[in-house]
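Start with the empty space, then turn to the packed parts. Keep the model in view as you read.

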Amino acid sequence: MEALAPARREALNRQVAHAVQHQVSTHLADAARGRHATADRLGATPTGHLERAAENVGAEATGEGAVISIESPGIGRARGPITITPREKKFLTIPTSAESYGRKAGSLSLRLFRPQQKGSTKDAPKLMRCLATTDGGTFRILYALAERATLKHDPGLLPSDEAITEAAKTAIKFQLEAERRSGEGASS
C-alpha cells in the first residue's frame, strides 16, 4: 500500500474532523433536550449549557490528525467522574431553588447571608453551610455551600467510541470515493 501524500492525508483528516464534529454536536443537542432533572426538580428554567456546547464543538485537521474540542463545564464527566473545587472562594455555591439555579450568588440582587447557629464553629452542621436571604420577609435558602463536589460519570454526554469510529470510517470511505470519482472524470 502506498503512503498518502500530505495533502491527501489532510483532506482525509478534514473529512473525519467534520463528520465527528457533526456527530458530537448532534449528540449533545439531542442530549440537551432531555437533561433537565435539576432544573425540573427546582422548578427552574434550564440553563442551556449543553445547547451552547453543541453549538460550539470545534474541529481542526492537519496531515497528522484531527482534533475535536468541546468547551463546556463538566463535559469531562463523559469519560469519568470529576471533582470540582472552588478556584477563588472557600466554597462552591450549589443552587437549591429556582431563583438561584443557573446564577452566580453575586449576580442576585438580594442580601445573602450564612445563617449562624449560636456557638457555631467552622464545623457547623451541613444545614448551616448555606447562603440564605430574608428579602421579601421570608427566610429562604438559595445555595448550599460545599468545599468540593464530585459529578458522576455520565458516558451518555458524548457518542460512544464505537459510534465515533464508525463516523470516521464513513467519512474516510466518502472521501476516498470522491477522490476515485474525481480521478475517473480527469482521465475521461
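**Pocket and cores**

The largest pocket holds about 2,000 Å³ of space. This is a predicted model, where local features need pLDDT of at least 70, side-chain atom pairs count only at pLDDT 80 or more, and totals for chains, interfaces and linings use all residues. Residues are numbered from 1 along each chain as its sequence is written, and side-chain values use heavy atoms, with hydrogens and water left out.

A pocket here is an open set of points on a 1 Å grid over the protein atoms alone, where a 1.4 Å probe fits, with protein on both sides within 12 Å along at least five of seven lines; lining residues have an atom within 4 Å of a point. The volume is the space filled by probe spheres set on the points, which are joined across faces, edges and corners. The lining has 44 residues, and Pro73, Ile84, Thr93, Ile94 and Pro95 are the closest to the pocket centre.

Now the packing. The largest nonpolar core (buried Ala, Val, Leu, Ile, Met, Phe, Trp, Tyr and Cys residues joined through side-chain atoms within 4.5 Å) has 16 residues, and Val24, Leu28 and Leu158 touch the most other members. Helix 1 gives the largest share, five residues. Another core, of seven residues, lies apart, with Ala105 and Tyr143 among them.

Ala105 is buried (under 20% relative accessible area, 1.4 Å probe, protein chains only) because its relative accessible area is 16%. Beyond four places in sequence, Ala105 touches Thr93, Leu112, Leu131 and Tyr143, contact meaning heavy atoms within 4.5 Å. The C-alpha atoms of Ala105 and Thr93 are 7.2 Å apart.

Notes: Buried means under 20% relative accessible area, exposed over 50%, partly exposed in between (1.4 Å probe, protein chains only). Helices (H or I, at least four residues) and strands (E, at least two) are DSSP runs, numbered from the N terminus.
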